[in-house]
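Grab a coffee and work through these exercises with the model open beside you. Try each task yourself before you read its solution.

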Amino acid sequence: MEKIPKRRKSKDNPYIINFNKDLNKYTISFVDARGIKQSVVIDNQLYSAFNEFELQDVSFMNEYDRHIEHLEQTEQSLYCRTFNKGTSLENKVIQKMEYENLIKNINTLPDIQKRRLTKYFFYEKTLKEIALEENCSIRSIKYSIDLAREKLKNLKKF
């Protein structure tokens with residue numbers, strides 16, 4: 001027995017329409033109230049009706065998934081959406097280019113400054129944690145990071 005057609009189904013549709021090639025008959029399968037799977041032979045006209053209902057279900061599910069907003073509509077979420085506009089594609093491209101330029105410029109720094117700056121800004125470690133890892137003073141870590149930041153400001157090219 002072959003299932004016809006192969007398409008996604010609504011969770012509320014308990015019926016499965018099938019076509020038995022050997023018998024050349026359409027059947028509809030479902031689970032009854034007792035939990036037993038039942039199968040009933042149906043004619044072509046009834047099959048067409050079930051098929052049409054299933055196609056309407058698929059159309060509705062596609063419309064719902066693609067075109068209806070599925071966000072919670074509370075006062076706070078509406079407020080946030082009003083004042084926190086998403087970034088435009090142009091801004092995203094500019095941010096990506098700036099980030100790539102920053103990484104390129106960081107790679108031009110001396111190894112010690114690059115390592116300390118990366119730990120501080122990218123790994124969000126404190127000056128004290130970095131100083132303990134590198135077995136040196138907090139002041140020397142701060143000096144290296146400040147010097148690296150100054151070099152990056154001077155290298156900033158776009």
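## Exercise 1: helix α4

**Task.** Find which residues of α4 are buried, and what they pack against.

**Solution.**
- Step 1: go through α4 and pick out Gln 113, Arg 116, Leu 117 and Lys 119, which are its buried residues. Buried is under 20% relative accessible area, exposed is over 50%, and partly exposed sits in between (1.4 Å probe, protein chains only). Helices are DSSP runs of H or I with at least four residues, strands are runs of E with at least two, and both are numbered from the N terminus.
- Step 2: look down the axis of α4. Its buried residues fall within an arc of 165°, so they line one face of the helix. The arc is that of the directions from the helix axis to the C-beta atoms.
- Step 3: check the partners. The buried residues of α4 pack against α3 (89–106), α5 and α6, where contact means heavy atoms within 4.5 Å.

Before going on, some housekeeping. This is a predicted model, in which local features need pLDDT of at least 70 and side-chain atom pairs count only at pLDDT 80 or more, while totals for chains, interfaces and linings use all residues. Residues are numbered from 1 along each chain as its sequence is written, and side-chain values use heavy atoms, with hydrogens and water left out.

## Exercise 2: helix α5 and what follows

**Task.** Sort the residues of helix α5 (residues 127–134) into buried ones and exposed ones, then see what comes just after the helix.

**Solution.**
- Step 1: the buried set of α5 is Ile 130, Ala 131 and Glu 134. Down the axis of α5, these fall within an arc of 100°, so they line one face of the helix.
- Step 2: a reminder helps here. An α-helix has 3.6 residues a turn, so residues three or four places apart point the same way.
- Step 3: flip to the other side of α5, and you'll find Lys 128 and Leu 132 exposed.
- Step 4: look for the cover. The buried residues of α5 are covered by elements including α4 (111–121) and α6 (138–155).
- Step 5: move on to Asn 135, in the loop between α5 and α6. Asn 135 has a positive phi of about 55° although it is not a glycine, and it is exposed, with a relative accessible area of 73%.

## Exercise 3: two more loop residues

**Task.** Where is Asn 24 found, and which residues is Lys 125 in contact with, leaving aside its neighbours within four places in sequence?

**Solution.**
- Step 1: Asn 24 is in the loop between β2 and β3 (25–31). Asn 24 takes a positive phi of about 55° without being a glycine, and is exposed at 57% relative accessible area.
- Step 2: Lys 125 belongs to the loop between α4 and α5. With a relative accessible area of 25%, Lys 125 counts as partly exposed.
- Step 3: once neighbours within four places are set aside, Lys 125 is in contact with Lys 119, Tyr 120, Ile 130 and Glu 133. Two of these names should ring a bell: Lys 119 is among the buried residues of α4, and Ile 130 is among those of α5.

## Exercise 4: the whole chain

**Task.** In what order do the elements run, and how far apart in space are Ile 17 and Cys 80?

**Solution.**
- Step 1: count 6 helices and 4 strands. From the N terminus, the order is β-β-β-β-α-α-α-α-α-α. The radius of gyration is 32 Å, well over the 15 Å that the globule rule gives for 158 residues, so the chain is more spread out than a compact globule. That radius is taken over C-alpha atoms, and the rule is 2.2 Å times the number of residues to the power 0.38.
- Step 2: box it in. Along the principal axes, the C-alpha atoms fill roughly 85 × 35 × 30 Å.
- Step 3: try a ruler. Ile 17, in strand β2 (residues 16–20), is buried at 3% relative accessibility. Ile 17 and Cys 80 are 63 residues apart in sequence and 47 Å apart in space, C-alpha to C-alpha.
- Step 4: repeat with Lys 92 of helix α3, which is partly exposed at 46%. The C-alpha atoms of Lys 92 and Ala 49 are separated by 49 Å, with their positions 43 residues apart along the chain.
- Step 5: finish with burial overall. Buried residues make up 21% of the 158 residues.
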